[in-house]
Amino acid sequence: MTRSEAVRQAAAKLRQAGVDEPEPDARLLARAAFGMDFAALLARGHEPVGPSEQARLEAMLTRRAAGEPTDRILGEREFWGMTFRLTPETLSPRPDTETVVAAALKAVAQRAGPLEILDLGVGSGCLLLALLSERPDARGVGVDRSPGAAAAARANAAALGFPDRARFIVGDWASALEGRFDLIVSNPPYIPRPDLSGLATEVIAHDPLLALDGGEDGLAAYTEILRTAPRLLTAGGVLAMELGVGQRDDVVRLAQEAGFVALGVEDDLAGIPRALVLGRP
């Protein structure tokens with residue numbers, strides 16, 4: 001069997017298993033199983049597949065057909081043009097979260113001088129490290145309640161070339177932090193607890209519950225962040241948070257009650273309000 005034939009057969013197996021996007025997933029898994037990039041996979045598609053390569057691909061296909069996401073099988077996910085390694089303790093970065101990066105960068109675009117950034121619930125480090133990649137004058141701190149997530153973010157920072165500009169600590173949101181930050185960002189858990197059981201298997205069985213469970217109404221993390229953020233923001237500082245579907249009005253209300261002013265809401269590519277940017281009067 002050639003590599004091209006193996007990819008076609010892989011896509012057929014995933015399609016039969018009900019996978020939504022079988023062709024892209026088959027190519028991704030084949031690339032990993034064969035140890036080559038997409039260009040090489042195309043250029044060498046006529047070559048025969050070796051037994052060990054076929055065995056690796058079959059093992060990956062079995063996992064994907066059973067509902068394990070491709071990024072979990074590969075152990076990595078691309079975000080903001082960078083590759084982030086995943087662990088069981090980290091949420092897999094979604095394209096929607098890039099809306100928060102874009103909104104935060106826009107909010108501090110005119111702010112001169114070194115930028116101090118705080119990422120609450122840092123996970124893989126994708127938010128903080130994406131921001132650092134765009135602002136060479138910035139330094140950041142990432143906080144997560146999970147020691148495993150903080151370690152994963154630290155490893156990603158080193159792999160991506162930011163070990164001296166990012167620090168990662170374990171803590172309960174911002175309760176133990178001191179100092180001031182020009183920009184605070186967060187992708188908090190915001191799924192209402194009663195809705196967790198209805199999530200897709202790819203999410204609930206493979207993303208950490210700590211990164212999903214937003215309490216009974218989905219607003220618990222927002223309430224805590226809005227309570228502690230004011231003392232950590234510099235004058236003119238900005239808080240940017242990801243929103244869950246349908247949560248804009250509730251989170252804006254909580255923010256106003258905490259003394260914040262809504263500076264803007266950015267929609268994701270699907271037109272869903274996804275990033276809320278707040279300031280202090």
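1. In this predicted model, the charge of Arg-3 lies over the face of Phe-34, at 5.2 Å from the ring centre. A second contact of this kind involves Arg-31, which lies over the face of Phe-38 at 5.0 Å from the ring centre. Arg-3 also takes part in a network of salt bridges with Arg-44, Glu-47 and Glu-53.

2. Helix α2 covers residues 22–34, and its geometry is consistent with its length: at 1.5 Å a residue its 13 residues should span 18 Å, and the end C-alpha atoms are indeed 18 Å apart. Just after α2, Gly-35 adopts a positive phi of about 70°.

3. Which residues of α2 are buried? They are Pro-22, Asp-25, Ala-26, Leu-29, Ala-30, Ala-33 and Phe-34. These residues lie on the same side of α2, because they cover an arc of only 150° around the axis. The spacing has a general basis: an α-helix has 3.6 residues a turn, so residues three or four places apart point the same way. The cover over the buried residues of α2 includes α1 (3–16), α3 (38–43), α4 (51–65) and α5 (70–74).

4. The count of aromatic pairs comes to one. Phe-79 and Phe-84 form this pair in an edge-to-face arrangement, with 6.2 Å centre to centre and 75° between the planes. Phe-79 is buried, at a relative accessible area of 1%, and Phe-84 is likewise buried, at 0%.

5. Across the whole structure, a search finds 25 salt bridges. As background, side chains of opposite charge can pair when their charged atoms come close. One of the bridges joins the side chains of Arg-63 and Glu-68, at 2.7 Å from N to O. Arg-63 is partly exposed, with a relative accessible area of 36%, whereas Glu-68 is buried at 15%, which is under the 20% limit.

6. The side chains of Glu-266 and Lys-106 also meet in a salt bridge, at 3.4 Å from N to O. Glu-266 belongs to strand β8 (residues 261–267) and Lys-106 to helix α6 (residues 98–107), so this pair ties together parts that are 160 residues apart in sequence. Glu-266 is partly exposed, at 29% relative accessibility, while Lys-106 is exposed, at 60%.

7. A further salt bridge links the side chains of Arg-248 and Asp-249, at 3.6 Å from N to O. Arg-248 is partly exposed, with a relative accessible area of 38%, and Asp-249 counts as exposed, at 57%.

Terms used: Residues are numbered from 1 along each chain as its sequence is written. This is a predicted model: local features need pLDDT of at least 70, side-chain atom pairs count only at pLDDT 80 or more; totals for chains, interfaces and linings use all residues. Side-chain values use heavy atoms; hydrogens and water are left out. Helices (H or I, at least four residues) and strands (E, at least two) are DSSP runs, numbered from the N terminus. The expected span of a helix is 1.5 Å times one less than its number of residues. Buried means under 20% relative accessible area, exposed over 50%, partly exposed in between (1.4 Å probe, protein chains only). The arc is that of the directions from the helix axis to the C-beta atoms. Contact means heavy atoms within 4.5 Å. Rings of Phe, Tyr and Trp (its six-membered ring) pair if their centres lie within 6.5 Å; planes under 30 degrees apart count as stacked, over 60 as edge-to-face and the rest as tilted. A charge sits over a ring if NZ of Lys or CZ of Arg is within 6 Å of the ring centre and within 35 degrees of the ring normal. A salt bridge is a side-chain nitrogen of Lys or Arg within 4 Å of a carboxyl oxygen of Asp or Glu.
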